[in-house]
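User: I am new to protein models and would like to learn how to read one, feature by feature. Could we go through this one together?

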Amino acid sequence: MTPVAGWVREPGPGFPLFLNPPFHMELQIDDVSKTYGDGTEAVRDVSLTVSEGLIGLLGPNGAGKSTLMRLIATITTPTAGTLRWNGTDIVDRPVAMRRTLGYLPQDFGVYPELTAEEFLHYMAALKGVPGGAARPRIDTLLETARLEEARGRRLGGFSGGMIQRVGIACALLNDPDLLVADEPTVGLDPEERARFRALLTDLAEERVVLLSTHIVSDVEATASRLAIMHDGRLAATAAPEALIDRVRDRVWEWVVGHDELGRVRDAYRVTKATRGPGGVRVHAVAEQPPSAEATPAEPTLEDAYLSLLSGPTSPR
Ligand SMILES: Nc1ncnc2c1ncn2[C@@H]1O[C@H](COP(=O)(O)OP(=O)(O)OP(=O)(O)O)[C@@H](O)[C@H]1O
């Protein structure tokens, strides 16, 4: 399901032949806001177009990521703005989105008494996947999610990472064009996190994947594009490299005394502090060299992200 822009034109004698219908996958979010009944403005005036690859929705807790994902998944409606899937308004016609959506919610739960295989069959039945098609599909998905060996075990004994992989298999039952995963790496150990990232990267070769997280390392090597959310708004949308370029020449490293670290953290946007025998090596973003000993350092996505969240660069 590689996106193809527009018509494919076959040259030939006589009239040109148009072979393929227009085919694309595009989620278009225009000026969307969501205010909850209690007055909380969770999403404010967000515009974003998502059309290919793995898109990382990065933001701190409470930034509005889950709300935006619930809007996309059509389980809540916006108070303003429009969301369209391939041109169809998904608020007016949610079925168009639901048919082609795979959604792994933050609070994905399973029935602990069922085995992985039984659970997927149960969910396939709920999703209306015909019985004959369900078996081979579930076999493939157990393999995709690397759960073949655990297929006959009860979910109650699964690790957090395995449960999340069951969640992804479940979200893929209808072979979605858009896969939305809301903070799926929360609570996973580093190995499971890396495994999960690799799975999502593979899946993004054939469909659009939208992954929300508050952890920069989840998306720095996997996402082709990042949307940074803060306080309900989109603070930036860009490729990770472009975001890093924004802080180039504003990242410094220098060594401070152990007792100075608190003051330095208050004054500068410190993204890394490594303790050593001679003091603490500080890595920070600042408009000007923070000290005579400071040397320019290679910027990271973490630098760019924290810089975006905390406004103008220091001294603060
Ligand atoms: N149903 C609700 N009613 C009222 N306020 C809500 C509701 N759901 C979320 N909120 C509030 O909306 C804001 C955004 O929450 P949301 O869950 O969308 O953010 P998030 O970026 O996903 O954060 P988290 O990772 O903590 O879930 C927060 O202030 C949250 O408390």
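Analyst: Let us begin with burial in a helix. The model is a predicted one, and in it all eight of the eight residues of helix H1 are buried, so H1 is largely enclosed by the rest of the structure.

User: Which are the buried residues of H1?

Analyst: They are Lys 65, Ser 66, Thr 67, Leu 68, Met 69, Arg 70, Leu 71 and Ile 72. After H1 comes Thr 74, which has a positive phi near 60°.

User: Which helix gives the largest share of the shell around the ligand?

Analyst: That share, three residues, comes from helix H1, which runs over residues 65-72. The ligand is surrounded by 13 residues, and the closest are Tyr 36, Ala 42, Asn 61, Ser 66 and Thr 67. Ser 66 and Thr 67 also belong to the buried residues of H1. Sorted by class, the shell holds seven polar, three charged and three nonpolar residues.

User: How do I read the burial of a single residue, and what does the count say for Val 50?

Analyst: The idea is to count the C-beta atoms around the residue, and 20 or more others within 10 Å make it buried. Val 50 has 22 such neighbours inside 10 Å, and therefore it counts as buried. Val 50 lies in strand S4, residues 41-50. When its neighbours within four places in sequence are left aside, Val 50 is in contact with Leu 27, Ile 55, Val 208 and Leu 210. As for Ser 66, Val 50 is 16 residues from it in sequence, and their C-alpha atoms are 16 Å apart in space.

User: How can I check the length of a helix, and what span should H4 have?

Analyst: A helix can be checked by comparing an expected span with the distance between its ends. Helix H4 covers residues 131-144, and because each residue adds 1.5 Å, its 14 residues should span 20 Å, which agrees with the 20 Å between its end C-alpha atoms.

User: Which residues of H4 are buried, and what covers them?

Analyst: Because an α-helix has 3.6 residues a turn, residues three or four places apart point the same way. In H4 the buried residues are Ile 138, Leu 141 and Leu 142. Their cover includes helix H3, residues 116-126, and helix H5, residues 160-171.

User: What should I know about the sign of phi, and what value does Arg 146 take?

Analyst: Most residues other than glycine have a negative phi. Arg 146 is not a glycine, and yet its phi is positive, at about 50°. Arg 146 sits in the loop between H4 and H5, and because it has 14 C-beta neighbours inside 10 Å, it counts as partly exposed.

User: Where is Asp 249 placed, and is it buried or exposed?

Analyst: Asp 249 is in the loop between helix H8, residues 240-246, and strand S13, residues 251-256. It has 9 C-beta neighbours inside 10 Å, so it counts as exposed. Asp 249 is a residue other than glycine, and its phi is positive, near 70°.

User: How is the protein chain divided into domains?

Analyst: A chain may be divided into parts that can be described one by one. Here domain 1 covers 27-238 and domain 2 covers 244-309, and their C-alpha centres lie 35 Å apart. Eight residues of domain 1 are in contact with five residues of domain 2. On the side of domain 1 that touches domain 2, strand S11 (225-230) and strand S12 (233-238) each supply at least two residues. By class, this side of domain 1 has six nonpolar, one polar and one charged residues.

User: What does UniProt list for residues 27-256?

Analyst: The unreviewed UniProt entry lists these residues as "domain: ABC transporter". Over residues 27-256 the chain is 33% helix and 28% strand, with end C-alpha atoms 48 Å apart.

User: How many helices and strands are there in the protein chain?

Analyst: The protein chain has ten helices and 16 strands. Of its 316 residues, 38% are buried. Among the contacts with a separation of 6 or more, 66% are between residues 24 or more positions apart. The C-alpha atoms fill a box of roughly 70 × 60 × 50 Å along the principal axes.

Methods:
Residues numbered from 1 in each chain as written. Predicted model: local features only at pLDDT ≥ 70, side-chain atom pairs only at ≥ 80, totals over all residues. UniProt positions renumbered as here; feature names shortened; annotations may be inferred. Helix = DSSP H or I, 4+ residues; strand = E, 2+ residues; numbered from the N terminus. Near = placed C-beta within 6 Å. Nonpolar A, V, L, I, M, F, W, Y, C, P; charged D, E, K, R; others polar. Expected span 1.5 Å × (residues − 1). Buried ≥ 20, exposed ≤ 12 C-beta atoms within 10 Å, placed from the backbone. Contact = placed C-beta atoms within 7 Å. Domains from an automatic or database assignment.
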